[in-house]
Amino acid sequence: SWKDGVWIVLAGFVLSVLFNMSNPDGISLVPKEWTRSDPAYIEPPVLAGLVAENAILVDARPVELFKQGSLENAINLPASMFDFSYSMHLGEEPLSTPIIVFGRTVSSRYDEDIAYRLQAQGHEQVFVLPEMEDME
């Protein structure tokens, strides 16, 4: 009957969730983006001090937008080429070096994604520079 079918599906679902939770390499049931905390934001007055201390400026936007213009001395670290660009530009940098990430657009938060990836690589001081209208 249809009730037996519902019970079988429900039992299968419960058992698969329990198995997944007990497995150390299980599949996450919710995207990581939903559970991660907000990145550390930095205000422009603090930015000047960190830049003076040799902080690294990272433009997280795609290459096409970076080529249209960016901050002086910023390196481009787009999400689509993160592993390759990271090893080229930041692979040898000490993990304690401050990194300031920027590059939010109207439709995407490239900066937050790259900040999380840098933290996952072990960098201790990763900050996101908010948009000007976010600071008002």
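Which residues of helix H6 (residues 110-120) are buried? They are Asp 111, Glu 112, Ile 114, Ala 115, Tyr 116 and Leu 118. The model is predicted. It contains an open sheet of 5 strands with parallel pairing, and 5 salt bridges. H6 also gives the most residues to the largest nonpolar core, with 3.

**Sheet**

- The strand order in the open sheet is E1-E5-E4-E2-E3.
- E1 and E3 are the edge strands, each with a single partner, so one side of each has no neighbour in the sheet.
- In general, strands of a sheet are joined by backbone hydrogen bonds, in a parallel or antiparallel sense.
- The pairing of E1 with E5 is parallel and runs over 2 bridges.
- Within that pairing, Ala 40 has Phe 127 of E5 as its bridge partner.

**Helix H6 and its surroundings**

- The cover over the buried residues of H6 includes strand E1 (40-41), strand E2 (56-59), H5, strand E4 (99-102) and strand E5 (126-128).
- Two of the buried H6 residues, Asp 111 and Glu 112, belong to a salt-bridge network described below.
- Gly 122, just after H6, has a positive phi of about 105°.

**Nonpolar cores**

- As a general tendency, nonpolar side chains in soluble globular proteins are buried together.
- The largest nonpolar core has 15 residues. Those with the most contacts inside this core are Val 58, Leu 77, Leu 90, Ile 99, Val 101, Ile 114 and Leu 118.
- E2, H5, E4, H6 and E5 are the elements that give two or more residues to this core.
- A second, separate core has 9 residues, among them Ile 42, Leu 47, Ala 74 and Leu 129.
- Val 58 sits in strand E2. Its relative accessibility is 0%, so Val 58 counts as buried.
- Outside its neighbours within four places in sequence, Val 58 contacts Ile 75, Leu 77, Leu 90, Ile 99, Ile 100, Val 101, Phe 102 and Ile 114.
- Val 58 and Leu 118 are 60 residues apart along the chain, and 10 Å separates their C-alpha atoms.
- With neighbours within four places in sequence again left aside, the contacts of Leu 90 are Ile 56, Val 58, Ile 75, Leu 77, Ser 85, Ile 99, Leu 118 and His 123.

**Helix H5 and the aromatic pair**

- What is buried in H5? The buried residues are Phe 82, Ser 85 and Tyr 86. Viewed down the helix axis, the buried residues of H5 fall within an arc of 105°, so they line one face of the helix.
- The face of H5 turned away from the buried side carries the exposed residues Asp 83, Phe 84 and Met 88.
- E3 and H6 are what the buried residues of H5 pack against.
- The structure has 1 aromatic pair. The ring centres of Phe 82 and Tyr 86 are 5.6 Å apart and the ring planes are at 20°, which is under the 30 degrees cut-off, so the pair is stacked.
- Both partners, Phe 82 and Tyr 86, lie in H5 (residues 82-89), 4 residues apart, or about one turn of the helix.
- Residues three or four places apart in an α-helix point the same way, because there are 3.6 residues a turn.
- Phe 82 and Tyr 86 are both buried.

**Salt bridges**

- Side chains of opposite charge can pair when their charged atoms come close.
- Asp 59 and Arg 61 form a salt bridge through their side chains, at 2.8 Å from N to O. Asp 59 and Arg 61 are both buried.
- Arg 104 and Asp 111 form a salt bridge at 3.3 Å, N to O. Both of these residues are buried as well.
- Between Glu 112 and Arg 109 there is a salt bridge with its closest N and O atoms 3.0 Å apart.
- Glu 112 has a relative accessible area of 11%, under the 20% cut-off, so Glu 112 counts as buried.
- Salt bridges link Arg 104, Arg 109, Asp 111 and Glu 112 in a network.

**Loop residue Asn 73**

- Asn 73 is not a glycine, yet has a positive phi of about 70°.
- Asn 73 lies in the loop between helix H4 (63-67) and strand E3 (75-76).
- Is Asn 73 buried or exposed? Its relative accessibility is 67%, so Asn 73 counts as exposed.

Conventions. Residues are numbered from 1 along each chain as its sequence is written. This is a predicted model: local features need pLDDT of at least 70, side-chain atom pairs count only at pLDDT 80 or more; totals for chains, interfaces and linings use all residues. Side-chain values use heavy atoms; hydrogens and water are left out. Rings of Phe, Tyr and Trp (its six-membered ring) pair if their centres lie within 6.5 Å; planes under 30 degrees apart count as stacked, over 60 as edge-to-face and the rest as tilted. Buried means under 20% relative accessible area, exposed over 50%, partly exposed in between (1.4 Å probe, protein chains only). Contact means heavy atoms within 4.5 Å. A salt bridge is a side-chain nitrogen of Lys or Arg within 4 Å of a carboxyl oxygen of Asp or Glu. The arc is that of the directions from the helix axis to the C-beta atoms. A nonpolar core is a set of buried Ala, Val, Leu, Ile, Met, Phe, Trp, Tyr and Cys residues joined through side-chain atoms within 4.5 Å. Two strands pair if DSSP finds at least two bridges between them.
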